[in-house]
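Biologist: Please take a close look at one part for me. I would like to hear about the cysteines, and then a little about what else stands out.

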Amino acid sequence: MYQPNSYQSQGYDPNQYASPPPHQKGGYAPGPQNSRSPPPLQHPVPQHPILNFRADAASPTPQMAHHQPQGNMNYYPQQQQQQQQQQQQAGGAYPPPNSNLYSQFGFNDPAAQMGMQFAGTAMAQGQAYVEQNINRWVNVPAVKHYFNVNNLYVINKLRILLFPWRHSPWNRMGRRSDTGQMEGYSPPREDINSPDLYIPVMAFVTYVLLCGLAAGRKGSFHPEVLGFTASASLAIVFTEVLLTRLGIYLLSIPSDTSVLDLVAYSGYKFVGVIVTTAFKQLGFGGMVTWGLYLYTSLCCGFFLLRSMRYLALPEAGTASTMNPQRKRRMWFLLMIAGSQLFFMFLLTK
């Protein structure tokens, strides 16, 4: 604490430098004891203790504790009750107001908690609205069917694409209900002959990146190369699917094949194109590259010839209607298989 006699403890007497009283005779006569100037002022060092605000906040004083609410009292009981009702309606999607999640980020304020809950509800409603609009244009369950794959399926499917003559049988497995009626085909995970979209999509992305790598090695890479390659590849797939669909219509083939099946079959050619392009980038000569191109094209054509047989020659057709059109449908399948040479040549170049 502050000490009033600190000046005297330091040897300073204020009366020593005082002026003589005015009624004293002779006035003020400076003597040897008055010739020196007073010492400089020195501020006393404060002796009071330094407060620790963090410790005070952790352990409040009795005066502070007197004004604090006792127990777990809440200043806003109505707001807390409303929050609990909203949490029960939301199915426990949000943590309780007194949880560590809110307190960690400083959201102990009930107004901030209500704002967080309102934002979460708005995001959930927006997500439901988007999914509802997407289902109007895209059949999401049908698309998920084509991505229902596993690692074993992918490995076996790639082996069939590169060595199709070693595979048998080629018939697809159907799903039947409890009454024995046909309910479509089994997913790719359960049927190796079922078309999927996982391998075509991954092969398409790999092909676009590989073309960008090839352009970079030549010193002519630009971001536009990736866009142009992707657009040209999608145009080739779209053209092939459109021609196949047109041939099915003109030949009056009774088939329930969806467009996604045709997209999957058309996208399998990217596997052979990747193999050919990769060997070309590794520095192999023209003979090896052309040999791989012919081999992968023939493999893709043979694969489509056997896989799409159920499409052009459905088993539901009777002998009277199948025999006159059998040759034309077989020629249609051969055209699809032979067109792989042309389309894969465009993609390789």
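Modeller: Here is the cysteine pair, followed by a loop residue and a surface patch. Keep in mind that this is a predicted model.

Start with disulfides. A search of the whole structure finds zero of them. Take Cys299. The cysteine sulfur nearest to Cys299 belongs to Cys300, and it is 8.7 Å away. A disulfide needs two cysteine sulfur atoms within 2.5 Å, so a pair 8.7 Å apart does not qualify. Cys300 is in no disulfide either; its nearest cysteine sulfur is that of Cys299.

Where do the two cysteines sit, buried or exposed? Cys299 has a relative accessible area of 4%, so Cys299 is buried. Cys300 has a relative accessibility of 7%, so Cys300 counts as buried too.

Next comes the loop. Phe284 lies between α12 (269-281) and α13 (286-307). Its relative accessibility is 40%, so Phe284 counts as partly exposed. Which residues does Phe284 touch, leaving aside neighbours within four places in sequence? Phe284 is in contact with Phe279 and Thr289.

Last, the surface. A nonpolar patch there covers about 500 Å². Phe147, Tyr198, Val201, Met202, Val205 and Leu209 make this patch. Look at Leu209 within that group. Leu209 is found in helix α9, which spans residues 198-217. Its relative accessibility is 54%, and exposed means over 50%, so Leu209 counts as exposed.

Methods: Residues numbered from 1 in each chain as written. Predicted model: local features only at pLDDT ≥ 70, side-chain atom pairs only at ≥ 80, totals over all residues. Heavy atoms only, no water. Patch = residues over 30% accessible without salt bridge, like charges linked within 9 Å, V, L, I, M, F, W, Y side chains within 5 Å. Areas by Shrake-Rupley, 256 points an atom, 1.4 Å probe, with all protein chains shown as cover. Salt bridge = Lys/Arg side-chain N within 4 Å of Asp/Glu carboxyl O. Helix = DSSP H or I, 4+ residues; strand = E, 2+ residues; numbered from the N terminus. Buried < 20%, exposed > 50% of the residue type's maximum accessible area, 1.4 Å probe, protein only. Contact = heavy atoms within 4.5 Å.
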